[in-house]
Amino acid sequence: MMTTCIRSRRSGPDRTGLGLLALRAGTGGVLLAHGAQKLLGWFGGGGVSGTTAAMDSMGFAPARASALAAGLGEVGGGALLALGLATPVGGAAAAGTMVAASAVHAPNGFFAMNGGYEYAAFLGFVAAGLAVTGPGRYSLDHALGHALDRHWMVPAALVGAGAAALAVVGSRNKRAEEPQA
């Protein structure tokens, strides 16, 4: 007997859907909390003013707009992922934000214990994976008939977020290479 898809014949909850819910809720929650540090100063974060100063010191310009974009990418992307709402957009926003975060940490190597990009890259890969895979059965997207989770949205959102992230990182890197006056 040949099968094209392995499926459980047991009744019960959708294990794939539950797994995606756990992954979405965990990843989305982490991103939301991390962004709340940037935007609201919660959990020991610097809020918009502290994040603006940090963005300026890292070479992002305009610093305040960069701080707001980073915070909104994390809070908004994290919230959308956790809820399973507009999952391609939420995952792409979070992944794009993590590209910029990874670029900032790249000079320190891979491992987070040395200030490297490991953590940001991991969050970005999970967010991108969720954007591609979809939210699963236990999500607002599923409850809404996937009105905000269309197949065409996945490449559009990932290409758009990727292009924006590369433009921001490229601009930052160019400023970092310019001689200081």
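This report describes the helix contacts, backbone features and aromatic pairs of one protein model. The model is predicted.

**Helix packing**

The description begins with the contact between α1 and α2. Helix α1 covers residues 15–40, and helix α2 covers residues 47–57. Their axes lie 5 Å apart, and the two helices pack at an angle of about 95°. Angles of 65 to 115 degrees count as roughly perpendicular. The helices α1 and α2 are therefore roughly perpendicular to each other. On the side of α1, the contact is made by Gln37, Lys38, Leu39 and Leu40, while α2 contributes Gly47, Val48 and Thr51. Sorted by class, the residues in this contact of α1 with α2 are 3 nonpolar, 3 polar and 1 charged.

Helix α2 also packs against α3, which covers residues 63–83. Here the angle is about 115° and the axes are 8 Å apart. The crossing of α2 past α3 is right-handed. From α2, the residues Val48, Thr51, Thr52, Met55 and Asp56 take part, and they meet Ala63, Arg64, Ser66, Ala67, Leu68 and Ala70 of α3. This contact of α2 with α3 has 6 nonpolar, 3 polar and 2 charged residues. Val48 and Thr51 of α2 appear in the contact with α1, and Val48 and Thr51 also appear in the contact with α3.

**Backbone features in the loops**

The loops between the helices hold several notable backbone features. In the loop between α1 and α2 lies phenylalanine 43. Its phi is near 55°, a positive value in a residue other than glycine. Proline 62 is placed in the loop between α2 and α3. The peptide bond that leads from alanine 61 to proline 62 is cis, and its omega is near -5°.

Alanine 86 is found in the loop between α3 and α4, the latter covering residues 87–105. Although alanine 86 is not a glycine, its phi is positive, at about 50°. Is alanine 86 buried or exposed? Residues under 20% relative accessible area count as buried. Alanine 86 has 11% relative accessibility and therefore counts as buried.

**Aromatic pairs**

How many aromatic pairs does the model contain? The count comes to 3 aromatic pairs. In one of them, the ring centres of tryptophan 42 and phenylalanine 43 are 6.1 Å apart and the ring planes stand at 90°, so this pair is edge-to-face. The rings of phenylalanine 110 and tyrosine 117 have centres 5.3 Å apart and planes at 80°, so this pair is edge-to-face. The cut-off behind this reasoning is that planes over 60 degrees apart count as edge-to-face. Ring pairs also join Phe110, Phe111 and Tyr117 into a cluster.

The table gives the relative accessibility of the residues in the two pairs described above.

| Residue | Relative accessible area | Class |
|---|---|---|
| Tryptophan 42 | 48% | partly exposed |
| Phenylalanine 43 | 58% | exposed |
| Phenylalanine 110 | 39% | partly exposed |
| Tyrosine 117 | 28% | partly exposed |

Phenylalanine 43 thus brings together several features. This residue has a positive phi, its ring pairs with that of tryptophan 42, and phenylalanine 43 is exposed. Tryptophan 42, its partner, counts as partly exposed.

Conventions
Residues numbered from 1 in each chain as written. Predicted model: local features only at pLDDT ≥ 70, side-chain atom pairs only at ≥ 80, totals over all residues. Heavy atoms only, no water. Phe/Tyr/Trp six-rings, centres within 6.5 Å; stacked < 30°, edge-to-face > 60°. Buried < 20%, exposed > 50% of the residue type's maximum accessible area, 1.4 Å probe, protein only. Helix = DSSP H or I, 4+ residues; strand = E, 2+ residues; numbered from the N terminus. Axes fitted to C-alpha atoms, helices over the stretch in contact; angles between N-to-C directions. Parallel < 35°, antiparallel > 145°, perpendicular 65-115°, else oblique. Contact = heavy atoms within 4.5 Å. Nonpolar A, V, L, I, M, F, W, Y, C, P; charged D, E, K, R; others polar. Left-handed = near helix turned anticlockwise from the far one by under 90°.
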